[in-house]
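Morning, everyone. Please bring up the structure on your screens. I'll keep this short.

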Amino acid sequence: MMKSRFKKIINCLVLLLCLITKVSAQEQPNIIFILADDMGYGDMEVYGHPYTKTPHLDKLANSGKVFTQGYMSAAWCSPSRAALMTGIYPAREFLSTFCIDVEKPSITKILHNGGYKTAHFGKWHIGGGKRSPNAPPPSAYGIDESFTTQSTGDGFTREDKKLPHYREHTTTKYIDLAIDFAKRNKKEPFFINLWLYPTHSYINPLPQYLERFKDLKVNIDDFEGEAQRDFLTYMSKHTDINKSMQAYCADVANLDDEIGRLLTALKKMKLDKNTIIIFSSDNGPGPILNNIEKLQKRFITKPLLVNSVGSVGEFQGRKGSMYEGGIRAPWIISWPKYIKKGITDTETILTGVDFLPTLSAMVGAETPKDLVIDGEDMSKAVLGNTHPRTKMAFFSDKPNWYTVRDGKWKAHLHLNKIKLYDIESDKGEKVDLTAQEPEIARKYEKILRQMKKEFHQKEAAIH
Ligand SMILES: [Ca+2]
């Protein structure tokens with residue numbers, strides 16, 4: 001009798017446990033990480049652009065949290081993406097292999113092992129290009145489904161790439177794939193890396209988007225930042241600045257519309273409340289190219305935008321630079337179920353290597369016990385209030401330039417020379433305080449020289 005009652009209690013407990021486990025599995029959020037390519041910090045309405053129209057991205061921003069002190073860990077595509085995937089500074093190893101280490105943890109592998117269905121649609125560029133043609137495909141990193149470019153996995157054919165507006169159509173294709181993947185996996189948690197091409201040059205906008213901006217005339221004074229105004233003045237001497245800006249705004253509008261299509265689909269599937277959507281860009285907008293005259297000629301003969309006129313907001317430096325314009329990135333994180341909407345965090349410093357530990361913590365994914373990474377779990381800042389970091393944020397993607405952000409200070413060791421800025425009062429990094437603050441400058445010089453010694457132990461390629 002006692003035995004049978006005991007058995008009943010055990011059975012009830014087992015049932016209860018099963019129910020709890022089932023509920024928590026269903027409760028686990030989906031994640032979509034949308035990464036734009038070379039889109040500037042200042043390219044959205046919400047980040048202060050005077051001309052672009054981004055109603056869907058702005059809506060996404062209003063439904064979650066906007067960070068104004070977010071960074072990428074590098075200033076160009078490949079290393080920046082490697083940092084996001086691994087939580088490790090790319091200068092340690094990636095810049096000598098151009099392939100993320102398949103033996104080490106990656107965010108996709110961690111989530112896959114934690115029961116997530118995982119996908120990568122879009123640019124890959126962290127193994128498989130000219131620099132590492134024998135790199136493993138995305139599936140080696142715990143990715144269940146992928147359709148990518150610049151990888152050794154499945155993707156567009158040579159014929160596809162010859163089609164008109166190929167680059168613009170890639171976005172439509174990747175969004176279609178993301179919607180389809182979400183539909184098929186909506187009963188279990190899923191993760192999608194959605195790494196889109198806009199606004200990387202060359203831009204050849206679809207006519208319907210160009211039409212929207214055909215009357216746009218650029219007034220350079222509409223831009224707040226001095227460096228951005230100087231850049232546009234330079235560009236206006238070499239290209240038709242109105243046409244370039246119209247094309248750029250058209251490209252951003254196309255991206256925004258496609259993201260809007262994804263958000264609508266998620267809502268229809270009733271996945272909008274419990275899906276974490278993150279939006280960022282891998283590095284700053286395209287720089288002034290040193291072969292501008294050659295490109296000018298091409299600009300006249302082909303309807304291509306040869307150089308991005310993306311905005312760095314108030315900062316200086318563009319893609320490839322460790323000044324803010326190269327590494328400061330828009331970071332929008334929305335999760336209606338848990339993140340309070342309409343908040344702008346102007347204090348928390350986030351950087352690319354934080355992505356893996358922060359996201360893992362947000363969804364309760366187990367990370368390997370022996371995990372050694374550079375990033376810091378900043379989930380408290382995402383889910384709650386502003387949160388100070390304990391680790392300094394480092395940046396380097398070439399052997400002659402090391403940078404650190406630590407509170408209000410930012411220091412560069414560039415071409416073996418130290419420069420120090422108070423980034424809170426001097427966003428444009430115009431006033432070098434090395435002479436006024438010699439002790440602080442020495443402190444960061446020592447740290448950066450140590451970083452130089454520790455990083456780049458292997459010969460790294462210069463971009
Ligand atoms: Ca890029």
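I'll go through the domains, the sheet, the core and then some backbone oddities. One caution before that: this is a predicted model.

Domains, then. The chain is divided into two: domain 1 covers 29-382, and domain 2 covers 399-463. Their centres, taken over C-alpha atoms, are 26 Å apart. Where they touch, domain 1 puts in 17 residues and domain 2 puts in 14. On the domain 1 side, helices α4 (94-97) and α9 (226-238) each supply at least two of the touching residues. What is the make-up of that side of domain 1: how many nonpolar, polar and charged residues? The split is 9 nonpolar, 4 polar and 4 charged.

Now the sheet. Eight strands make an open sheet, and the pairing is mixed. Read across, the order is β4-β3-β5-β1-β6-β7-β2-β8. Which strands stand at the edges? They are β4 and β8 (343-345). Each has a single partner strand, so one side of each has no neighbour in the sheet. From one strand to the next, the twist averages 10 degrees.

Look at the β4 end. Strands β3 and β4 pair in the parallel sense, over 5 bridges. In that region, G122 stands opposite T148 of β4. Now add helix α7, residues 166-184. Helix α7 lies across β1 (30-36), β3, β4 and β5. Against β5, α7 runs at about 180 degrees.

Next, the core. The largest nonpolar core has 118 residues. Which of them have the most contacts inside it? Those are I34, A178, I192, L194 and L196. The element that gives the most to this core is helix α10, residues 241-268, with 12 residues. Both domains take part: at least three residues come from domain 1 and at least three from domain 2.

Let's zoom in on L194. Set aside its neighbours within four places in sequence. L194 is then in contact with I32, F33 and I34. L194 also contacts F121 and G122, and further Y174 and A178. Remember G122: that is the residue opposite T148.

Last topic, the backbone. As background, most peptide bonds are trans, and most residues other than glycine have a negative phi. Here are some exceptions.

Two cis bonds come up. One runs from P198 to T199, with omega near 10 degrees. The other runs from S201 to Y202, with omega near 0 degrees. Where does T199 sit? T199 is in the loop between β5 (190-195) and α8 (207-212). Y202 is also placed in the loop between β5 and α8.

Then two positive phi values, both in residues other than glycine. H125 has phi near 65 degrees. H125 is in the loop between β3 (117-123) and β4 (145-149). E429 has phi near 45 degrees. The place of E429 is the loop between β12 (417-422) and α15 (438-454).

Are these two loop residues buried or exposed? The cut-off for buried is 20 or more other C-beta atoms within 10 Å. H125 has 23 such neighbours, so H125 counts as buried. E429 has 22, so E429 is buried too.

To recap: an open sheet of 8 strands, a nonpolar core that draws on both domains, and cis bonds at P198 to T199 and at S201 to Y202. That's my slot. Over to you.

Conventions. Residues numbered from 1 in each chain as written. Predicted model: local features only at pLDDT ≥ 70, side-chain atom pairs only at ≥ 80, totals over all residues. Core = buried A, V, L, I, M, F, W, Y, C linked by C-beta atoms within 7 Å. Buried ≥ 20, exposed ≤ 12 C-beta atoms within 10 Å, placed from the backbone. Helix = DSSP H or I, 4+ residues; strand = E, 2+ residues; numbered from the N terminus. Domains from an automatic or database assignment. Contact = placed C-beta atoms within 7 Å. Nonpolar A, V, L, I, M, F, W, Y, C, P; charged D, E, K, R; others polar. Pairing = 2+ DSSP bridges. Axes fitted to C-alpha atoms, helices over the stretch in contact; angles between N-to-C directions.
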